[in-house]
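This report describes one protein model for a reader who has its sequence and 3D view at hand. Please look at the structure first, then read on.

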Amino acid sequence: MAPKSDSAEAIVLNFVNEQNRPVNTQNVADALQKFNLKKAAIQKALDNLADGGRISFKEYGKQKIYLARQDQFQIPNNEELNQMKEQNADTQKQLEDQKKAISEVEAEIKSLQSNLTLEQIFEREVNLRLEVQEMEEKLSKLRGGVTLVKPEERKAVEGMLSEMISHWRKRKRMFKDLWDTLTENSPKDPKEFKEELGIEYDEDVGVSLQSYNDLIQNGKKRPRGQ
């Protein structure tokens with residue numbers, strides 16, 4: 001049964017899921033001070049959530065580390081990730097275009113103020129301010145209303161992708177060590193032996209570990225909020 005929304009367990013569960021990173025009891029207690037939850041209550045909530053399978057945990061000596069269950073997050077495939085990246089780039093371009101348009105209108109206001117009569121200036125200023133207001137509303141919608149990926153969802157996806165890449169790298173290294181051992185003293189040509197066993201490298205199927213590493217690094221360099 002899910003905990004009540006205002007219970008300690010619900011508050012702690014929501015925090016752990018939103019963070020989606022390893023935390024200990026002290027981390028949670030520091031972050032949830034505004035809820036006036038004592039550390040003992042937080043520890044009990046974490047243990048109950050872990051025992052109930054709603055969060056994961058690992059023990060390192062006497063310390064427990066807690067983490068959101070990863071199977072609750074939907075992981076987009078490569079095509080969806082690329083599509084999100086393109087959509088974010090399009091939105092960023094729209095933002096830049098709106099900023100440029102606002103700057104042009106403001107420049108026009110300054111220019112008109114030095115050339116028109118006072119009455120004309122007031123009339124023109126009213127019209128231009130209305131235009132600026134409309135553009136700012138559009139810009140505000142692009143900034144706040146057109147949210148292609150929520151920050152917590154993006155963080156979860158990036159965390160899962162990073163974890164999968166880490167597993168990929170480890171297994172790639174394990175295979176290489178094993179393969180080198182097998183072929184070191186083998187009389188067979190490694191290439192022929194590979195074909196005989198039906199083994200395919202990443203490159204054979206058109207994928208590259210480095211390209212996914214670059215995707216992660218580019219994501220980390222992206223300005224927050226985009």
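Apart from neighbours within four places in sequence, Val12 is in contact with Val28, Leu32, Ile42, Ala45, Leu46 and Leu49; contact means heavy atoms within 4.5 Å. The model is a predicted one, in which local features need pLDDT of at least 70 and side-chain atom pairs count only at pLDDT 80 or more, while totals for chains, interfaces and linings use all residues. Residues are numbered from 1 along each chain as its sequence is written, and side-chain values use heavy atoms, with hydrogens and water left out.

**Cores**

Val12 is one of the residues with the most contacts inside the largest nonpolar core, a group that also has Val16, Val28, Leu46 and Ile55. This core has 17 residues. Helix H1 (8-19), helix H2 (25-31), helix H3 (39-51) and strand E2 (63-68) are the elements that give two or more residues to this core. Separate from it is a second core of 10 residues, which includes Val132, Met135, Leu139 and Leu142. A nonpolar core is a set of buried Ala, Val, Leu, Ile, Met, Phe, Trp, Tyr and Cys residues joined through side-chain atoms within 4.5 Å. Buried means under 20% relative accessible area, exposed over 50%, and partly exposed in between (1.4 Å probe, protein chains only). In soluble globular proteins, nonpolar side chains tend to be buried together.

**Overall make-up**

The protein has eight helices and two strands, in the order α-α-α-β-β-α-α-α-α-α from the N terminus. Helices (H or I, at least four residues) and strands (E, at least two) are DSSP runs, numbered from the N terminus. Of the 226 residues in the protein, 26% are buried. Among contacts with a separation of 6 or more, 62% are between residues 24 or more positions apart.

**H1 against H3**

How do H1 and H3 lie relative to each other? Their axes come within 9 Å and cross at roughly 75 degrees, the axes being lines fitted to C-alpha atoms, for helices over the stretch in contact, with angles from 0 to 180 degrees between N-to-C directions. H1 and H3 are therefore roughly perpendicular, a label for angles of 65 to 115 degrees. H1 makes the contact through Ala8, Glu9, Val12, Leu13 and Val16, and H3 through Ile42, Ala45, Leu46, Asn48 and Leu49.

**Loop residues**

Three loop residues are set out below.

| Residue | Loop | Relative accessible area |
|---|---|---|
| Asn20 | between H1 and H2 | 11%, buried |
| Asn36 | between H2 and H3 | 70%, exposed |
| Gln70 | between E2 and helix H4 (78-113) | 18%, buried |

A polar contact of 2.8 Å joins the side chains of Asn20 and Gln70. Such a contact is a pair of N or O atoms within 3.5 Å; within protein, one must be able to donate a hydrogen and the other to accept it, and residues adjacent in sequence count only if both atoms are side-chain atoms. Leaving aside neighbours within four places in sequence, Gln70 is in contact with Asn20, Met160 and Glu163.

Most residues other than glycine have a negative phi. Asn20, not a glycine, has a positive phi of about 50 degrees, and the phi of Asn36 is also positive, near 55 degrees.

**The ends of H7**

At the start of helix H7 (residues 190-197), a side-chain oxygen of Asp189 comes to within 3.0 Å of the backbone nitrogen of Lys191. Just after H7, Gly198 has a positive phi of about 75 degrees.

Note on methods:
Parallel < 35°, antiparallel > 145°, perpendicular 65-115°, else oblique.
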